[in-house]
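Here are a few exercises to work through with the model open beside you. Try each task before reading its solution.

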Protein chains: 2
Amino acid sequence: MKNYKLIISYDGTNYNGWQKQGNTRNTIQGIFENIISKMLGKETEVMGSGRTDAGTHASGQVANFKGETSLTEEEIKEYINTYLPNDIAVLSVEEVDMRFHSRLNAKRKTYEYVIWNSSVSDVFRQRFMFKCTSKLDIENMRKAAEELKGEHDFKAFCSNKRYKKSTVRNVYSIDIEQNGSEIKLVFTGNGFLYNMVRIMAGTIINCGEGKIKAEDICGIFESKTRENAGVTLPACGLTLKNVEY
Amino acid sequence: MKNYKLIISYDGTNYNGWQKQGNTRNTIQGIFENIISKMLGKETEVMGSGRTDAGTHASGQVANFKGETSLTEEEIKEYINTYLPNDIAVLSVEEVDMRFHSRLNAKRKTYEYVIWNSSVSDVFRQRFMFKCTSKLDIENMRKAAEELKGEHDFKAFCSNKRYKKSTVRNVYSIDIEQNGSEIKLVFTGNGFLYNMVRIMAGTIINCGEGKIKAEDICGIFESKTRENAGVTLPACGLTLKNVEY
């Protein structure tokens with residue numbers, strides 16, 4: 001028995017996210033399990049580093065599966081890519097220690113949220129950005145990012161109200177890069193709650209629009225109330241960039 | 001009455017090409033005519049530099065329309081972009097001489113055909129390329145491009161067998177740029193027949209695969225027979241880059 005780590009990228013537009021849920025079809029996990037189970041001749045679970053929302057993309061999702069095969073790493077990669085649709089790809093396959101677990105061992109994740117602040121679409125990349133034509137004050141957005149950073153109880157920034165476990169997370173950095181009409185928000189943290197990146201991005205945008213003040217973010221954390229934070233931005237702007245172990 | 005020149009880009013994946021045909025919906029031209037007719041309060045024709053096939057993209061399609069309006073060029077651009085879907089954009093609006101005609105005055109056009117020569121998809125750009133996993137001999141492709149260049153009767157490279165007018169065209173250059181798994185074929189000419197770029201690209205790929213020899217291209221021209229040329233590559237790899245006047 002061997003354990004294989006995969007690095008995966010996908011355009012999530014047409015998928016119901018990473019994780020299969022009951023009989024929900026059309027998930028990235030479901031597609032991988034079908035191909036890998038066929039390859040190994042045995043029902044095989046493919047574990048991801050975490051679920052990504054429906055419509056969210058990944059350039060560096062990590063997954064792992066265990067199985068017996070005489071194929072080399074390169075042959076496994078070739079086999080899987082041959083059966084994947086063109087909007088999903090395996091970038092690498094590597095044999096790892098049997099104890100490696102893509103979700104439990106994840107130490108840091110980086111997500112990117114791309115805002116396109118112009119009425120003129122970038123038609124070749126519009127599937128991977130959120131178009132927002134409001135006038136945005138980038139300095140207020142930077143102040144908001146500064147307030148959101150650090151270890152906090154992110155309950156107000158989570159869409160799942162029935163979440164039972166700890167909602168404390170540590171966001172190590174939120175970088176804001178502006179390049180012409182593109183504003184890229186890069187979030188690195190030890191983990192993110194359901195919709196947390198999209199709600200943080202929405203709160204930052206709302207600060208840029210003057211609808212929320214950066215000084216109020218401290219109170220939003222304390223309130224632990226979802227309604228006090230900013231909007232949940234659409235999934236299309238979000239990409240899981242990488243997972244560190 | 002004024003005449004306006006538009007530079008337009010689109011992801012053509014979901015459209016039936018530029019030109020409205022009878023009651024075919026979902027064409028780029030149809031979408032522009034709806035918006036501009038509403039803007040001017042009057043049925044208005046929007047003329048394109050040429051039809052692009054269903055599924056073909058453009059980063060620099062040119063069109064023009066005539067009408068009366070008190071809006072500035074910038075306001076026209078803003079108005080149209082507000083009503084366009086995110087996969088179509090107007091990059092510029094410019095008032096031009098009344099005699100300017102986007103199709104009749106076009107002197108040179110440049111098309112790009114992108115081949116992705118790897119089993120590992122580039123998921124973020126796969127809508128704009130043709131994935132081909134055959135082993136390709138780039139030197140043979142360059143030889144084929146050399147043979148295709150110049151002024152020829154391109155009847156064998158045209159899908160429309162009932163085309164009545166001259167099928168002579170001048171292809172000024174065909175550049176082949178290889179960058180990792182990406183092979184970009186850049187065609188510049190004084191005009192292109194129906195499917196001509198996709199058939200030239202198919203002939204070049206067939207030479208790269210060893211299915212056609214560059215030396216045979218001369219005879220293919222002479223035969224004037226579509227069946228002798230290479231395959232018609234899919235529309236997804238093709239982008240109209242610019243039109244010169």
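**Exercise 1. Find out whether B:Glu139 is buried, partly exposed or exposed, and describe its salt bridge with B:Arg142.**

Step 1. B:Glu139 has a relative accessible area of 46%, so B:Glu139 is partly exposed. Here buried means under 20% relative accessible area, exposed means over 50%, and partly exposed lies in between (1.4 Å probe, protein chains only).

Step 2. A word on the ground rules: this is a predicted model, where local features need pLDDT of at least 70 and side-chain atom pairs count only at pLDDT 80 or more, while totals for chains, interfaces and linings use all residues. Residues are numbered from 1 along each chain as its sequence is written, chains are lettered from A and ligands numbered from 1 in the order in which they are written, and side-chain values use heavy atoms, leaving out hydrogens and water.

Step 3. The partner, B:Arg142, is partly exposed too, with a relative accessible area of 34%. The closest N and O atoms of this salt bridge are 3.5 Å apart; the term asks for a side-chain nitrogen of Lys or Arg within 4 Å of a carboxyl oxygen of Asp or Glu.

Step 4. Both residues sit in helix α3 (residues 138-148) of chain B, three residues apart, so about one helical turn separates them. Helices (H or I, at least four residues) and strands (E, at least two) are DSSP runs, numbered from the N terminus.

**Exercise 2. Work out which parts of chain A are tied together by the salt bridge between A:Arg127 and A:Asp11.**

Step 1. The closest N and O atoms of A:Arg127 and A:Asp11 are 3.0 Å apart. A:Arg127 lies in the loop between β5 (108-116) and β6 (130-131), and A:Asp11 in the loop between β1 (2-10) and α1 (28-40), so the pair ties together parts 116 residues apart in sequence.

Step 2. Both A:Arg127 and A:Asp11 are buried.

Step 3. Now turn to A:Glu182 and A:Arg125, a salt bridge with its closest N and O atoms 2.6 Å apart. This pair links strand β9, which holds A:Glu182, to the loop between β5 and β6, which holds A:Arg125, 57 residues apart.

Step 4. A:Glu182 is buried at 8% relative accessible area, whereas A:Arg125 is partly exposed at 36%. Both belong to a network of salt bridges together with A:Asp122 and A:Lys184.

**Exercise 3. List the buried residues of helix α3 in chain A and say what they pack against.**

Step 1. The buried residues are A:Ile138, A:Met141, A:Ala144, A:Ala145 and A:Leu148. Because they cover an arc of only 110° around the axis, they lie on the same side of α3(A); the arc is that of the directions from the helix axis to the C-beta atoms.

Step 2. They pack against β5, β7 (150-153), β8 (168-179), β9, α4 (196-208) and α5 (217-223) of chain A.

Step 3. Just after α3(A), A:Gly150 takes a positive phi of about 100°.

**Exercise 4. Determine how chain A is superposed on chain B.**

Step 1. A rotation of 180° with 0.0 Å of shift along its axis does it, with an RMSD of 0.0 Å. The fit is by least squares on the C-alpha atoms of residues with pLDDT of at least 70 in both copies.

Step 2. The two copies are therefore related as by a two-fold rotation axis.

Step 3. Of the residues of chain A, A:Arg125 comes closest to that axis, its C-alpha being at 4.1 Å.

Notes:
Contact means heavy atoms within 4.5 Å.
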